[in-house]
Amino acid sequence: MSSAYPLEHESVTIFREYLRIPTVQPNVNYNECIKFLERQAQRLGLPLKVFYMTPEKPVVIITWVGQKSELPSLLLTSHMDVVPVYPEKWIYDPFSAHKDESGNIYARGAQDMKCVGIQYLETIRKYITEKLKLKRTIHICFTPGKYNNYIVLENKIFVFVNLDEEIGSKFGMAKFVTTSEFAKLNVGFALDEGIATPHEAFDVYYCERTSWYLIITCTGQTGHGSILHENTAGEKLQFIINKFMNWREYEKTKLQNSDLELGDVTTINLTMINGGCQINVVPTELSVTFDIRLAIDVDIKKMMETVEEWCRSAGPGVYVQFKDNPIRVRPTKVDDTNPWWIAFKNECDKMDMKINTRIFPAGTDSKFIRNVGIPALGFSPMNQTKTLLHDHNEFLNEKTFIRGLDIYYNIIKGLTSV
């Protein structure tokens with residue numbers, strides 16, 4: 001395949017083609033994306049399989065069999081979906097993959113994370129072109145995504161968390177790792193996404209915090225808004241909010257007065273308040289929703305007990321609903337006991353790459369892989385790059401993208417030699 005742009009790197013052309021496929025949540029049609037990946041698999045001469053976790057949620061696997069296929073394989077995973085956009089806030093069409101004179105490629109998914117999926121494919125293509133023979137089998141995995149349900153109304157995005165699990169958790173990697181199809185892949189180690197960093201060092205993620213969503217409902221005396229009623233839902237709600245905001249302030253202070261990173265502390269955010277029927281009627285019920293990401297050293301059981309005690313202290317008729325069953329994510333070891341880490345770091349050292357090991361501040365598919373006992377690292381080769389995931393005018397410079405190909409070329413080859 002030759003580039004449609006004679007002066008453009010062929011891999012950049014393919015990257016831009018992928019970016020033009022609008023795989024936007026919440027109602028993603030993956031058909032065009034699958035056709036695109038089928039063309040890439042054919043170009044590489046590799047088999048492609050599609051597994052449906054539910055009729056509209058495909059997991060795509062492209063496989064390059066190694067010389068010793070009985071050894072545990074390497075999984076290179078990325079998600080196909082992207083978050084919604086506000087087109088009027090973009091300087092270029094967010095699905096045009098416009099490249100400016102500086103080589104910046106503007107598109108939703110440029111950083112998060114269509115770049116990585118193409119870099120995986122193009123790295124394997126280079127191995128095949130050079131007739132390299134690698135020891136371990138490599139599976140390139142494209143998942144249907146990890147984002148929540150979105151509804152866009154009047155240029156505002158409202159996020160609704162599923163009562164059981166997030167969309168990607170239920171129909172993506174979380175379900176896939178429990179299937180016999182995944183077991184047959186015989187995965188020994190996985191690479192997943194990281195985040196662009198504005199500094200020289202690259203961030204490598206070995207764990208992530210525990211996502212914890214909860215709703216606290218306060219009930220109380222109703223009546224006319226002109227009377228100072230006792231035992232109102234509003235008074236109890238204030239007590240609860242104060243408890244969580246004091247906790248939030250403690251974590252903010254800890255972060256600001258130390259060398260800790262965001263992923264090292266617990267974040268607490270009030271995301272929704274619901275209740276009331278009329279301006280002059282004291283509500284019988286009010287509820288508040290919190291999005292909490294627990295630091296990896298927090299005892300989840302003790303924290304649950306603390307929240308339940310706050311509810312009792314607030315007064316009668318206050319109860320908590322935990323929106324999910326928080327799962328403690330298993331960290332991947334980043335020391336000399338982990339041969340995968342040794343191989344990863346050795347390749348980075350050979351390229352004189354500065355790396356920082358971090359705890360991922362949000363959520364990725366890696367947690368589901370780690371929690372079935374498979375070590376995984378989150379890494380996207382985008383340093384000296386403004387972090388723009390989910391932001392307006394998301395872009396990636398083509399030179400950064402091309403350098404990422406060289407970085408993956410060495411890292412993936414090193415990992416298959418473990």
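Select Ser 78 to begin: this residue is buried, with a relative accessible area of 1%, where buried means under 20% relative accessible area, exposed over 50% and partly exposed in between, using a 1.4 Å probe and protein chains only. The structure is a predicted model, in which local features need pLDDT of at least 70 and side-chain atom pairs count only at pLDDT 80 or more, while totals for chains, interfaces and linings use all residues. Residues are numbered from 1 along each chain as its sequence is written, and side-chain values use heavy atoms, with hydrogens and water left out.

Ser 78 belongs to strand S3 (residues 73–79); strands (E, at least two residues) and helices (H or I, at least four) are DSSP runs numbered from the N terminus. Leaving aside neighbours within four places in sequence, Ser 78 is in contact (heavy atoms within 4.5 Å) with Met 113, Gly 117, Tyr 120, Cys 141, Phe 142 and Thr 143. Add Pro 144 to the selection: its C-alpha lies 9.0 Å from that of Ser 78, although the two are 66 residues apart in sequence.

Next, select Asp 192, in strand S9 (residues 187–192). Its contacts beyond four places in sequence include Met 113 and Tyr 120, two residues that Ser 78 also touches. Asp 192 is buried yet has no salt bridge, that is, no side-chain nitrogen of Lys or Arg within 4 Å of a carboxyl oxygen of Asp or Glu. The nearest side chain of opposite charge, Arg 370, is 7.1 Å away; Lys and Arg count as positive and Asp and Glu as negative, with His and the chain ends not counted. Display the side chain of Ser 366 as well, for a polar contact of 3.0 Å joins it to that of Asp 192. A polar contact is a pair of N or O atoms within 3.5 Å; within protein, one must be able to donate a hydrogen and the other to accept it, and residues adjacent in sequence count only if both atoms are side-chain atoms.

Now turn to the open sheet of four strands, ordered S13-S15-S11-S16 with antiparallel pairing; two strands pair if DSSP finds at least two bridges between them. Its edge strands are S13 (267–275) and S16 (318–322). Strand S11 (residues 210–219) pairs with S16 over five bridges, and Thr 217 has Tyr 319 of S16 as its bridge partner. Helix H7 (residues 233–256) packs on this sheet, touching S11, S13, S15 (285–294) and S16.

Finally, select helix H1 (residues 10–19), where eight of the ten residues are buried, among them Phe 15 and Arg 16.

How values were computed: Axes fitted to C-alpha atoms, helices over the stretch in contact; angles between N-to-C directions.
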